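Subject: A structure for you to explore

Hello,

I'm handing over the structure I mentioned, and I hope you enjoy looking around in it. Please open it next to this email and follow along.

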Amino acid sequence: MEEDMSSLWSFYKTLESQPFNRIGARLLQIGVGAVILYRTVTELPFAQYLYGPDGPAIGSTITWLGPIGVWVDTVFYSAWGVYLTLALWGLGGLGLILGFRPRLSTLLALIGSLLVELRGNTGDGGDNILRLLLLYMLFFHPRIEQLSATASGTAVFSHNIGVIAVYAQLIILYLVSATTKLQGEVWINGTAAYYVTQLDSYGPPWASVRELFKNPWITTLATYSTIFYQLFFPAMLLAPPTFYSLWTVFGILLHLSFAILMGLVTFSAVMISLLLFTLGDKEWALLAQVTKRWIPKLIVFVDSDCPYCSWTGRWIKRMDLLGLFLVTPYRTDMSFRRYNLDLEAVDREMHVVRQLGDKYRIFRGFDAVVAVIKHLPPLWPVLPIAVLLQLSGLGPKLYRWLADHRILVTAGSCQGESCPIKR
């Protein structure tokens with residue numbers, strides 16, 4: 001009995017003092033947020049038809065909330081309320097991508113998901129798993145990107161409980177899916193992939209791909225590999241890091257094929273985010289070591305006397321999931337000179353040095369902004385907008401105006417609560 005209690009206490013101390021899957025949890029937040037933002041943007045033009053009072057949707061929150069649901073329906077499913085619902089949902093997704101108030105953003109995303117799911121007539125398996133993931137993600141640490149491997153406390157314990165819940169949900173999902181497939185004749189005899197690819201509603205739009213799956217070898221391999229992956233997924237979690245990383249790559253390719261061949265884009269995106277989540281911090285560290293020679297470093301020179309510039313530098317470090325950036329205040333660090341830059345140049349506009357080995361390239365002004373966005377995964381959804389601004393010439397003009405009108409507060413010049421400023 002004492003040994004059992006000692007083991008439980010040791011397990012509790014581990015949960016309290018060793019944060020699990022710091023990188024994976026942050027990637028899951030970004031993946032889930034991106035799916036929500038994608039759905040919000042694509043469904044917004046059809047909001048009245050999908051969820052409005054005059055559309056075909058008949059769902060109601062009364063099934064969950066009882067009499068209170070009547071009031072909730074009046075607010076969120078009215079002609080204007082459907083836009084409020086999508087706005088809350090989209091803000092939650094955007095907050096998760098940026099890592100801004102992650103628990104509040106997760107709560108907004110969860111409420112939006114429930115409102116959309118209860119009202120809508122359409123959906124896929126991704127809706128259920130998305131809702132459950134958002135519930136578990138409420139337990140994640142509010143500052144995942146700042147967590148050290150030795151962090152401890154109640155917040156770390158809560159974070160680890162959420163991580164374990166996500167693992168358990170994924171294991172259950174795959175086991176139930178695999179055992180259900182094994183009860184179907186088309187899965188047992190290896191022809192399921194053939195029938196799916198020949199359907200007009202779920203099959204690929206390309207005739208050549210449909211013809212490909214008429215080959216018995218290909219369709220049998222595709223059918224059994226799906227069952228094999230799902231059935232043995234729990235066991236693979238215990239495999240050595242290198243082998244499990246390869247297993248994860250296979251799973252990602254599998255779900256990519258579902259997105260391309262069956263059109264299950266949001267479901268596949270959620271599942272790929274989940275698979276990336278399961279890679280532990282050690283696996284990510286190993287991957288970083290292997291790919292180090294092919295991955296560039298980016299040095300960002302910012303003005304430490306400019307509050308907005310310093311704030312931008314802090315957010316770059318916060319969103320630097322890949323560990324690519326070094327944010328340097330050029331007023332106290334003269335390392336920019338080794339790249340043949342002078343103080344006047346870096347003071348006029350932001351400079352980003354992209355270095356790979358002994359070679360480097362310098363980006364200036366709005367081009368530097370675009371370079372930063374390209375290398376920060378949370379900002380990838382806004383990359384098309386940034387590129388359009390860059391190509392149209394509006395981005396450089398806007399950046400030039402902001403740079404010329406930035407407020408400067410010289411370090412050490414503040415007295416009490418007042419600080420002399422200059423432009």
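Let's begin with a question: how many salt bridges does the rule find across the interface of domain 1 and domain 2? The number is 0. Polar contacts tell a similar story, since 0 residue pairs, both at pLDDT 80 or more, are found in polar contact across that interface.

Before going further, please keep in mind that this is a predicted model. Its mean pLDDT is 84, and 91% of the residues reach 70 or more. One stretch to treat with care is residues 412-422, where pLDDT stays under 50. The model does have 13 contacts there beyond four places in sequence. Where pLDDT is low, though, the predicted coordinates should not be read in detail.

**The two domains**

The domain assignment gives domain 1 as 12-278 and domain 2 as 295-409. Their C-alpha centres lie 34 Å apart. To the contact between them, domain 1 brings 10 residues and domain 2 brings 7 residues.

What do the two domains bury between them? About 800 Å², with 70% of this on carbon and sulfur atoms. On the side of domain 1, look for Ile97, Leu98 and Glu145: together they supply 47% of the area that domain 1 buries against domain 2, more than any other three residues.

Which elements give two or more residues to the side of domain 1 that touches domain 2? They are helix 2 (22-43) and helix 6 (81-98). Helix 2 has the largest share, with 4 residues. Sorted by type, the residues on this side of domain 1 are 6 nonpolar, 1 polar and 3 charged.

**Salt bridges elsewhere**

A search of the whole structure does find salt bridges, 9 of them. One to look up is the pair of arginine 39 and aspartate 127, whose closest N and O atoms are 2.8 Å apart. Arginine 39 sits in helix 2 and aspartate 127 in helix 8 (residues 125-137), so this salt bridge ties together parts that are 88 residues apart in sequence.

**Two residues to visit**

Serine 177 is part of helix 9 (residues 154-181). Its side chain makes a polar contact, at 2.6 Å, with the side chain of lysine 181. Serine 177 and leucine 231 are 54 residues apart in sequence, yet their C-alpha atoms are 8.4 Å apart in space.

Tryptophan 187 belongs to helix 10 (residues 185-188). Setting aside neighbours within four places in sequence, which residues is tryptophan 187 in contact with? They are Lys181, Ala192, Thr223, Tyr224, Thr226 and Ile227. Lys181 thus turns up twice, as a contact of tryptophan 187 and as the polar partner of serine 177. For a longer distance to trace, go from tryptophan 187 to tyrosine 339: they are 152 residues apart along the chain, and 61 Å separates their C-alpha atoms.

Happy exploring!

Technical notes:
Residues are numbered from 1 along each chain as its sequence is written. Side-chain values use heavy atoms; hydrogens and water are left out. pLDDT is the predictor's confidence in each residue, from 0 to 100. Contact means heavy atoms within 4.5 Å. Domain bounds come from an automatic or database domain assignment. Buried area is the accessible area (1.4 Å probe) that two parts lose on being put together, summed over both. A salt bridge is a side-chain nitrogen of Lys or Arg within 4 Å of a carboxyl oxygen of Asp or Glu. A polar contact is a pair of N or O atoms within 3.5 Å; within protein, one must be able to donate a hydrogen and the other to accept it, and residues adjacent in sequence count only if both atoms are side-chain atoms. Ala, Val, Leu, Ile, Met, Phe, Trp, Tyr, Cys and Pro count as nonpolar, Asp, Glu, Lys and Arg as charged, and the others, Gly among them, as polar.
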